[in-house]
Amino acid sequence: MKKLLIVFHSMTGAAEQLAGAAAEGAHEEAGVDAQILRAADAGAKDVLSAEGYLFATPENLATMAGLMKDFFDRVYYPVLERINGRPYAAIIAAGTDGAGAARQIQRIATGLRLREVAPPLIIRNGAQTPEAILAPKIVPMPDLSLAREIGAALAAGLASGIF
């Protein structure tokens, strides 16, 4: 059985909902175990035991969330040169942009020699005021469907040996 590791961080619920939808999509694929972990709980052993990855994070101040960066800081050197070529995708929950966080994940993944198999999925909620940014989020169903599709596609690629 192949393993897809979904690592996420979320403060207002959007990235968590998107990661959960991706996991639901991945669980539909026979032969793939989708494991979903909070970034604070994921470590090098989890990364090494998976054949593919999905990273979901909010964009905060034009970068990925600090706890997602902490995850990458903790696992980077212990997994370096040991996961070359494995597939990954990213989901960014953003207010109005998302590109900065996506670029940051792409740069780290390039250093880890991971293979991007889908462009970053950036889900924008339009929040711009402090109150709207900090408010709990409910991700619309069409956006959850996009996340579900990415999870299903990653799982299907792993199961079929395409990735």
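**Ser 10, the pocket and the strands**

Colleague: Why is Ser 10 called buried?

Modeller: Ser 10 has a relative accessible area of 11%. The cut-off for buried is under 20%, so with 11% Ser 10 counts as buried. Keep in mind that this is a predicted model.

Colleague: Where does Ser 10 sit, and which residues does it contact beyond its neighbours within four places in sequence?

Modeller: Ser 10 is in the loop that runs between β1 (2-8) and α1. Once the neighbours within four places in sequence are set aside, its contacts are Ala 15, Glu 16, Arg 38 and Pro 58.

Colleague: What makes the reach from the side chain of Ser 10 to the backbone nitrogens of Gly 13 and Glu 16 count as polar contacts?

Modeller: Look at the distances: 3.0 Å to the backbone nitrogen of Gly 13, and 3.3 Å to that of Glu 16. A polar contact needs N or O atoms within 3.5 Å, so the 3.0 Å pair with Gly 13 passes, and so does the 3.3 Å pair with Glu 16.

Colleague: Pro 58 came up as a contact of Ser 10. Which residues, Pro 58 among them, lie nearest the centre of the largest pocket?

Modeller: They are Pro 58, Glu 59, Asn 60, Gly 95 and Ile 133, out of a lining of 20 residues. Two or more lining residues come from each of α1 (14-27), β3 (52-60), β5 (87-94) and α5 (130-134). β3 has the largest share, three residues. As for volume, the largest pocket comes to about 470 Å³.

Colleague: What makes up the lining of the largest pocket by class?

Modeller: There are 11 nonpolar, six polar and three charged residues. Watch the bookkeeping, though: Gly is put with the polar class, so Gly 95, a lining residue, goes there.

Colleague: How do you know that β3 is mostly covered?

Modeller: Eight of the nine residues in β3 are buried. Buried here means under 20% relative accessible area, so eight of the nine fall below that cut-off.

Colleague: What makes β1 and β5 count as paired with β3?

Modeller: Two strands pair if there are at least two bridges between them. Five bridges join β1 to β3, and six join β3 to β5, so both pairs meet the rule. β1 and β3 run parallel, as do β3 and β5. To find them by eye, take Ile 6 opposite Leu 54 in β3, then Phe 55 opposite Ala 90 in β5.

Colleague: How many bridges join β3 to β4, and do they run parallel or antiparallel?

Modeller: Two bridges, with the strands antiparallel. The rule asks for at least two, so this pair qualifies. Glu 59 stands opposite Met 64 in β4. In the hairpin of β3 and β4, two residues lie between the strands, and Leu 61 has a positive phi near 55°.

Colleague: Why is β5 called largely enclosed?

Modeller: Because eight of its eight residues are buried. Pro 87, Ala 89, Ile 91 and Ala 93 point one way, while Tyr 88, Ala 90, Ile 92 and Ala 94 point the other way, and all are buried. In a regular strand, side chains alternate between the two faces of the sheet. β5 also has two bridges to β6 (residues 115-116), running parallel, and Pro 87 has Arg 115 as its bridge partner there.

Colleague: What makes the lining of the largest cavity nonpolar?

Modeller: The lining is Val 47, Tyr 53, Phe 55, Phe 71, Phe 72, Val 75, Val 79, Ile 83, Leu 112 and Leu 114. Val, Tyr, Phe, Ile and Leu are in the nonpolar class, so the split is 10 nonpolar, no polar and no charged. α3 (66-79) and β3 each supply at least two of these residues, with α3 giving the most, four. The volume is about 40 Å³.

Colleague: And Gly 151, why is that counted as buried?

Modeller: Its relative accessibility is 0%, and buried is anything under 20%, so Gly 151 qualifies. Gly 151 is in helix α6 (residues 141-160). Not counting residues up to four places away in sequence, Gly 151 touches Leu 4, Ala 22, Gly 25 and Ala 26.

How values were computed. Residues are numbered from 1 along each chain as its sequence is written. This is a predicted model: local features need pLDDT of at least 70, side-chain atom pairs count only at pLDDT 80 or more; totals for chains, interfaces and linings use all residues. Side-chain values use heavy atoms; hydrogens and water are left out. On a 1 Å grid over the protein atoms alone, a cavity is a set of points where a 1.4 Å probe fits but cannot get out, and a pocket is an open set with protein on both sides within 12 Å along at least five of seven lines; lining residues have an atom within 4 Å of a point. Grid points are joined across faces, edges and corners, and a volume is the space filled by probe spheres set on the points. Buried means under 20% relative accessible area, exposed over 50%, partly exposed in between (1.4 Å probe, protein chains only). A polar contact is a pair of N or O atoms within 3.5 Å; within protein, one must be able to donate a hydrogen and the other to accept it, and residues adjacent in sequence count only if both atoms are side-chain atoms. Contact means heavy atoms within 4.5 Å.
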